[in-house]
Amino acid sequence: MGGIQYSKIAEIKGPLVIVDEVENAAFDELVEVETTDGEKRLGKVLEVGNGKAIVQVFEGTTGLSISGTNAKFVGKVMEMPVSKEVLGRVFDGLGRPKDGLPDPIADKFIDINGEPMNPEQREYPKDFIQTGVSVIDGMMTLVRGQKLPIFSGSGMSHNLLAAQIARQASVVGTGDDFAVVFAAIGVQYSEAEYFRRSLEESGALKRSVLFLNTADDPAIERIITPRVALTVAEYLAFELGMHVLVILTDMTNYAEALREISAAREEVPGRKGYPGYLYTDLSTVYERAGKLNGRKGSVTQVPILSMPSDDITHPIPDLTGYITEGQVVLGRDLFRKGVYPPINILMSLSRLMKDGIGEGSTREDHSEVSNQVYDAYSRAQEVRALAGIVGKAGLTEIDLKYMDVGDTFENEFIEETLEILWNIVSKLPKSEITKIKDKYIDQYYKGK
Amino acid sequence: MAPNPELEQAIDTVISKTEDSLLSELAGSGEECKKTLDASVAGLELEYDRILADGRKEADKIEKQLVGGADLAARNKELMALEDAVNRVFADALAKIAAEDHSALMGSLLDEATKTLGTTEVVVSTNKKSRDMVKSALSKFPGAQMSKENIECLGGIIAKSKDGSMAFDNTIDARIGRIKPLIRKEIASKFGVGI
């Protein structure tokens, strides 16, 4: 039975408190650490053995001392109170109300670590989810139940994009309820305020749940933030039958917190000092997306991570890419040119797109026109490189048309998705359009 | 001055030619204006439609914003009122519990605490009112002793191991604190919420 309070603290090391002479503590058990002045902080058991328990304190160990600190083992794991009432609410990184309102009246208390989805019960994702961002909807379509990360870089417009998706996203052609769970992990205060205001002003807050862990909140809290967010998302999806889009930004801060704990535990570091289990740990977050057979709702994830030095081979994007189903990559060159959203389509991919588009979902020509634009944009990049060497005057007429396609794609691809894709390919002569069936060319081609 | 028919004819010719040229230019300009106007009609209509569509979009946005904001504000007030009511129920319940006699409960609270700590070698604290009740119940727990100081609580006990390394709070306050989040829903349902 839980509830025993221990007062023999052997050591305080970074975010960890080592409690001595502990009996019957359980792995992951919730711990209330009480300071000498009565302040209570939450933590969880990371390791037990030899009469000792290693407790990770979410709110940091600043101000704790070995004498006078008590650790109360609560006898249960960390749980998040859930009900439909959480919609429209703003919580901190540990799931406590941050909007001045009381705790939600809970229908249930759910373990924040979630229950692994039975692979046999998983349903293959194939329904379109509209983000309202043309380049994503047109070229790397998001599908309900998919996990599609956005790889960004420091200072780029990923937060703007995240807020835009949260405001605009919807499920098309169904009356099913839709909700957005937004978890801001280690973001600046101004960014957190921007997310909150953006959702409030667009009226989207009432179908959203916000979890805000700001940069000055304890780093260790960041380990919990995506988990409480996903717990709420799973409840809304699988208990209440809603389609839930979860946006997690910035997962790099999550991985940094993981590294901090790993270093404090003196674990053997892996690449760039991240723990060797980074892949496994990330998968416990990302794999909480999906659809279940016989259940109405779905959890779709758009984790956002900023790549240190724009390095896509950095362990965080690298390992994320192994787990998720594609990626949306923001390009520094496009960002510098002032293109919004600066998505580099040549490096981006939605692996489940093919199943979520076409007749009955979006439009019958979607796949082909998207492929044609991808092909033309790729040629445009080659032609641009060539122009850098031989100059524009040295290019053929068709090369110049491809350059025009590249410019138009970057500058105009922000409104009605498929029509714009056609406007772009229609700059090429019909003879260059090789990836689209003749009947679609006859129907939609806009060139002379 | 005598009339000069040749000069007059020449003047008439010039006037007539100028008139023809002006008329044809006017006709051409008229036609050009008409063409320009005709051509701009489509553009204007498009622009008109675009402005209307933008206006509608903006109106929809503002409507959504107002309705969403009002919905949330109403819901938040309801939550605050409900929380207030739930807290009043708890306060009333606590006042009733405080007034009750807990002597029958002390034995089981002590038993639970010593079992949880795994020893009867404990120092037990309670409030002033329950001190005698706890003292009489202690005889069943060998090694257990009463703390010299009283604690502030509604009832119940806190048991501490003699070396001070472990403690178990089995006061009524702590027990209520543990179950409060679980029973809030039931209390709220009495007010017709969440049924």
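Here are a few worked exercises on a two-chain predicted model.

Before you start: local features need pLDDT of at least 70 and side-chain atom pairs pLDDT 80 or more, while totals for chains, interfaces and linings use all residues. Residues are numbered from 1 along each chain as its sequence is written, chains are lettered from A and ligands numbered from 1 in the order in which they are written, and side-chain values use heavy atoms, leaving out hydrogens and water.

**Exercise 1. Work out how chain B is built and how far it is from a compact globule.**

Step 1: list the elements. Chain B has four helices and four strands, where helices (H or I, at least four residues) and strands (E, at least two) are DSSP runs numbered from the N terminus. Read from that end, they go α-α-β-α-β-β-β-α.

Step 2: check the spread. The radius of gyration of chain B is 48 Å, against near 16 Å for a compact globule of 195 residues; it is taken over C-alpha atoms, and the globule rule is 2.2 Å times the number of residues to the power 0.38.

Step 3: look at the box. Along the principal axes, the C-alpha atoms of chain B take up roughly 155 × 35 × 30 Å.

Step 4: see how much is covered. In chain B, 26% of the 195 residues are buried (buried is under 20% relative accessible area, exposed over 50%, partly exposed in between, with a 1.4 Å probe and protein chains only).

**Exercise 2. Find the edge strands in the sheet β13-β12-β15 of chain A.**

Step 1: get the order. The three strands make an open sheet, β13-β12-β15 in chain A, with antiparallel pairing; two strands pair if DSSP finds at least two bridges between them.

Step 2: spot the edges. β13 (142–143) and β15 (170–171) of chain A each have a single partner strand, so one side of each has no neighbour in the sheet.

Step 3: zoom in on one pair. β12 (residues 128–130) of chain A and β13(A) are joined by two bridges in the antiparallel sense. A:F128 has A:V143 in β13(A) as its bridge partner.

**Exercise 3. Say which residues of helix α6 of chain A are buried, and what covers them.**

Step 1: pick them out. In α6 (residues 278–286) of chain A, the buried residues are A:L278, A:D281, A:L282, A:S283, A:V285 and A:Y286.

Step 2: think about spacing. An α-helix has 3.6 residues a turn, so residues three or four places apart point the same way.

Step 3: name the cover. It includes α4 (221–239), β18 (243–249), α5 (251–264), β20 (298–307) and α7 (315–323) of chain A, with contact meaning heavy atoms within 4.5 Å.

**Exercise 4. Track down the backbone oddities in the loops of chain A.**

Step 1: go for the cis peptide bonds. One joins A:T249 and A:D250, with omega about 15 degrees; A:D250 lies in the loop between β18 and α5 of chain A. Another joins A:Y340 and A:P341, at an omega of about -10 degrees, and A:P341 is in the loop between α8 (332–337) and β22 (349–350) of chain A.

Step 2: check for positive phi outside glycine. A:N24 has a phi of about 60 degrees and sits in the loop between β3 (16–19) and β4 (29–34) of chain A. For A:K272, phi is near 50 degrees, and its loop runs between α5 and α6 of chain A.

Step 3: ask about exposure. A:N24 is exposed at 76% relative accessible area, and A:K272 is exposed too, at 52%.
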